[in-house]
Amino acid sequence: MPKFHKLKVREVRRETPECVSISFEVPAEVRSEYDFLPGQHLTLRTHLDGSEIRRSYSICASPMDGELRVAVKQVPGGLFSGYANERLLPGDELDVMTPLGNFALQTDPSAQRSYVAFAAGSGITPVISMLKTVLRNEPDSQFTLFYGNKNSESVIFREAIEGLKNEYMTRLSVHYVLSQEDPGIELFHGRIDAEKCRKFCQRLIDVEAVDGFYLCGPAPMIEAVRSTLLEYGVDEQKLHSELFNTAGATNLESKRDWAKSGGIATSHITLTLDGKTYSYQHNSPSETILDAGSKVASDLPYACKGGVCCTCRAKLLEGEVEMEVCYGLEKEEIAAGYVLTCQAHPKTEKVVLSFDE
Ligand code: FES
C-alpha cells in the first residue's frame, strides 16, 4: 500500500529557468520504504491557499545515487509547480508518498541489451533515472536517447547528460531535437513526430536489435512514435510509455456525460483499504468511484485524477465498472482485473473493489 511520510526538503536546485529539482531527507527508519526502480514517481502532498494539493513527479535520481530527488517543471498557472519553483526552500516539509509506477526499468548487471528512449520536455525525468542506472549497472548495454525540446535553454539535465556522454562515450548516444531553434541539421530540427521517427529508424536505430523502447512526453509524441515503431515491426511488449502532460491527456477524449449515458442509476459499492471494509450507495452516475468513495473512506489513495499515475489502482473483485480513460495501467493489469478508481463508474448494481491486492 502506498503511504505518505512527512519528509524535509534537503535541496532545491535550479535545473533550467523553468524547472527545479527537489531532494528529500529520508530518515533511516523509513528509508527502505522509498526504494524505487528507475522510472517510478513520487506523489507530493501539501496545502496551498487552504486547499489540499497532490501532484506526482518522476524521480530523476538513479537508485544508485543514494538520494531521492524529483524534478518539477513550472507550468503556466500551475499551483504546486509555481510554489516549488518560486517559494519552496530547504527545511520545508512535504508529505511524500512511497514510490509507485509501472513505467520502470529493472536492470541486470549480466545483461547485454540495447535501449532506446524518446523523451520530450520534462518527460526526460524518469528517462534520466533509467539512463544513469543502465549505464552504471549494465556495463554491456547501450542506450540511445532522442530528446525533444523547444530550444537548447529548455533542455533539462543537459549538464548531467553531457557528463554521462563523456563518461560512457561508446555506450550512450544522445540526439537533441529542437523545435524553435535551428540546430544546423535538418533531421534534428522540429518536433519528434511520425516522420522524424521514421527517419531515425532508417538512419540511427537498429530497430530489430532493440530490447526496450521507453517513451515519455505528451500524448501526440507518444502516439506518433508508438505507431511508427509498430509499423517497423516492433513487438508491443517492447514498448513502454508514460504520458507526461495530464492537460494533454484530458484533451484526448471529450468528457462523456455520465449522468445521461452509460452510468447505472444506483450501485452498492464495497471498498477494502488497509484491511478495513467500507460500503456505500453510489447514487450519482457522474461521480467516479474514487470521488464518491472518498466521502466514506477519507484515505483512498490518489494523485493525478487523470488516469495516468495509477495511485488510485484497485482490483475489481465483483461487478463491472467502466473507465473514462486509462493511460497508466499495463494490459496485463487490466486483464488481471485492476482498474483506476479515479476514472471508474459503476456499471452493475453491486461492485466490490480492493485497494489492498
Ligand atoms: S489518481 Fe492518478 S490514475 Fe487515478
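**Exercise 1.** In this predicted model, find the salt-bridge partner of Lys-132 and the distance between the closest N and O atoms.

*Solution.* Lys-132 pairs with Asp-65, and the closest N and O atoms are 3.1 Å apart. Next, place the two residues: Lys-132 sits in helix α2, while Asp-65 belongs to the loop between β4 (51-58) and β5 (68-73). The partners are 67 residues apart, so the pair links distant parts of the chain.

**Exercise 2.** Classify Lys-132 and Asp-65 as buried, partly exposed or exposed.

*Solution.* The cut-offs are under 20% relative accessible area for buried and over 50% for exposed, with partly exposed in between. Lys-132 has 13%, so Lys-132 is buried. Asp-65 has 28% and is therefore partly exposed.

**Exercise 3.** Locate the salt bridge between Lys-165 and Glu-162, and describe the accessibility of Lys-165 and Glu-162.

*Solution.* The side chains meet at 3.5 Å, N to O. Both residues are in helix α3, three residues apart, which is about one turn of the helix. Lys-165 has a relative accessible area of 25% and is partly exposed. Glu-162, at 26%, is also partly exposed.

**Exercise 4.** Find the salt-bridge partner of Glu-287, then list the members of the salt-bridge network that includes Arg-13.

*Solution.* Glu-287 bridges to Lys-295, with the closest N and O atoms 2.5 Å apart. Lys-295 has 62% relative accessibility and counts as exposed. The network joins Arg-13 to Glu-11, Glu-15, Glu-67 and Arg-69. A search of the whole structure gives 20 salt bridges.

**Exercise 5.** Identify the residues of the largest nonpolar core that touch the most other members, and state which elements and domains supply this core.

*Solution.* The core has 30 residues; Ile-124, Phe-143, Leu-145, Tyr-147, Phe-157 and Ile-161 touch the most other members. At least two residues come from each of β7 (114-120), α2 (124-137), β8 (142-149), α3 (158-167), β9 (172-178) and β10 (212-217). Helix α2 gives the largest share, seven residues. Domain 1 (4-97) and domain 2 (114-250) each contribute at least three residues. In soluble globular proteins, nonpolar side chains tend to be buried together.

**Exercise 6.** Which residues does Leu-145 touch, not counting those up to four places away in sequence?

*Solution.* The contacts of Leu-145 are Ala-117, Ala-119, Ile-124, Val-127, Leu-131, Ile-161, Ser-173, Val-174 and His-175. Two of these, Ile-124 and Ile-161, are named with Leu-145 among the core residues that touch the most other members.

Note on methods: Residues are numbered from 1 along each chain as its sequence is written. This is a predicted model: local features need pLDDT of at least 70, side-chain atom pairs count only at pLDDT 80 or more; totals for chains, interfaces and linings use all residues. Side-chain values use heavy atoms; hydrogens and water are left out. A nonpolar core is a set of buried Ala, Val, Leu, Ile, Met, Phe, Trp, Tyr and Cys residues joined through side-chain atoms within 4.5 Å. Buried means under 20% relative accessible area, exposed over 50%, partly exposed in between (1.4 Å probe, protein chains only). Helices (H or I, at least four residues) and strands (E, at least two) are DSSP runs, numbered from the N terminus. Domain bounds come from an automatic or database domain assignment. Contact means heavy atoms within 4.5 Å. A salt bridge is a side-chain nitrogen of Lys or Arg within 4 Å of a carboxyl oxygen of Asp or Glu.
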